[in-house]
Amino acid sequence: MLIDGHAPASATRALLESRYGTARGTHLCNAYTLSLALRDDRYRELLNEADINFSDGHYLAMVGKKRGHEAMTERVYGPDLMFNTMDQGRELRLKHYLYGASPETVAKLKVELEAKLPGVEIVAAESPPFRPLTEAELDDLTERVSDAKPDLFWVGLGTPRQDEFVAHHTKRLRCTLVPVGAAFDFWSGNKPMAPAFVQKHGLEWAYRLATEPRRLWKRYLIGNTAFIYGVATDSRRNRRLDTAP
C-alpha cells in the first residue's frame, strides 16, 4: 500500500488546492482499509493508483512516522479533514458536493454544515441508490456535477464501496473526490463522535466497537489483526516515495 506523508494541516492544504476541472482521486486509509487491500489485489491496486492516500488511522500514522515520514505526527481524521477544508475553503469560495448516505442523513448534513459554517457553498446534497449506478444514472450524475461545478466531491458510501466509486469515477466527474464515510453520520448528528481524548490515544476503534458491536466487530477485531500482520510482513506496503511538503 502506498500512503502519502501528510499530517492534518498539510492534508487540508492539499484539498484547498482543489478546483473544478482538475480530477484528483483521494482515499483515507486505516487499519481496516489496509486489511482489505492485503487480501484483495484489485482493491489494493485501485488505492495505489490514487492521487493522494491519507493516513486516517492512529497506528497507521505511527508506522508511517517510524518508516521515515516525519510529517505524519498524527492521523488525518476524515471528519476533521472535511470540516476544516470546508471551514478554510470559505475564503477561497470553494464549492462542495455531498454524495452518500440516506436522503434524510445527507439533507441533515447539509443543514448542519451550513449552520456551523456560515457562507460555506454546498452546491448539492444527494443520496444515491444502494447499488452500482447504471450507465444512464452515471450520465445524469455527470451532467449534474458539470452544472454545479464543485471543487470537492465528498463521498459517504462506506468502505470499500466509496473507494471503488472514487477510483472509477474521478476522471469523469472532473473534481477532487474525497471518501469520508462516517463523517456524514457524525456531522449530521446521527451518531456521536468519539471524544478527543479517546481519538488522541488511538482508541476510537474501541469506542465505535462499543457503540455498534454487531456492525463493527468483524471490521475491528479481524481487520486490526490483519493490519498488524501486514505491517510485520511487508515494510514497503505503507510507504510512498514522495512526501508531503
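Here are a few notes on the sheet, two helix pairs and one aromatic pair in this predicted model.

1. **The sheet.** Start with the strands: there are six of them, and they form an open sheet with parallel pairing. Reading across, the order is β2-β1-β6-β5-β3-β4. From one strand to the next, the twist averages 20°.

2. **The edges.** Which strands stand at the edges? They are β2 (52-55) and β4 (121-126). Each has a single partner strand, so one side of β2 and one side of β4 are left without a neighbour in the sheet.

3. **Next to the β2 edge.** If you want to look at one pairing in detail, try β1 (residues 24-29) with β2, which run parallel over four bridges. A handy landmark here is Thr26, which stands opposite Ile52 in β2.

4. **Helices α5 and α6.** Now for the helices. α5 covers residues 78-92 and α6 covers residues 103-116; they pack at an angle of about 50°, their axes 11 Å apart. That angle makes α5 oblique to α6, and the crossing is right-handed. On the α5 side you'll find Met82, Phe83 and Met86, and these meet Leu109, Leu113 and Lys116 in α6. By class, this contact has five nonpolar residues, no polar ones and one charged residue. Lys116 is the charged one, because Lys counts as charged.

5. **Helices α3 and α8.** The other helix pair is α3 (residues 41-48) with α8 (residues 161-173), packed at an angle of about 55° with axes 10 Å apart. These two are therefore oblique to each other, and α3 passes α8 in a left-handed crossing. Which residues make the contact? From α3 come Arg42, Tyr43, Leu46 and Leu47, and from α8 come Asp163, Glu164 and Ala167. The split here is four nonpolar, no polar and three charged residues. Arg42, Asp163 and Glu164 make up the charged group, because Arg, Asp and Glu count as charged.

6. **An aromatic pair.** A search of the whole structure turns up five aromatic pairs. One of them is worth a look: the ring centres of Tyr99 and Phe153 are 5.2 Å apart and the planes sit at 40°, so this pair is tilted. Where are the two residues in the chain? Tyr99 belongs to strand β3 (residues 95-100) and Phe153 to strand β5 (residues 152-156). They are 54 residues apart, so to speak, distant parts of the chain linked by the pair.

Key
Residues are numbered from 1 along each chain as its sequence is written. This is a predicted model: local features need pLDDT of at least 70, side-chain atom pairs count only at pLDDT 80 or more; totals for chains, interfaces and linings use all residues. Side-chain values use heavy atoms; hydrogens and water are left out. Axes are lines fitted to C-alpha atoms, for helices over the stretch in contact, and angles run from 0 to 180 degrees between N-to-C directions. Angles under 35 degrees count as roughly parallel, over 145 as roughly antiparallel, 65 to 115 as roughly perpendicular and the rest as oblique. A crossing is left-handed if the near helix is turned anticlockwise from the far one by less than a right angle, and right-handed if clockwise. Contact means heavy atoms within 4.5 Å. Two strands pair if DSSP finds at least two bridges between them. Rings of Phe, Tyr and Trp (its six-membered ring) pair if their centres lie within 6.5 Å; planes under 30 degrees apart count as stacked, over 60 as edge-to-face and the rest as tilted.
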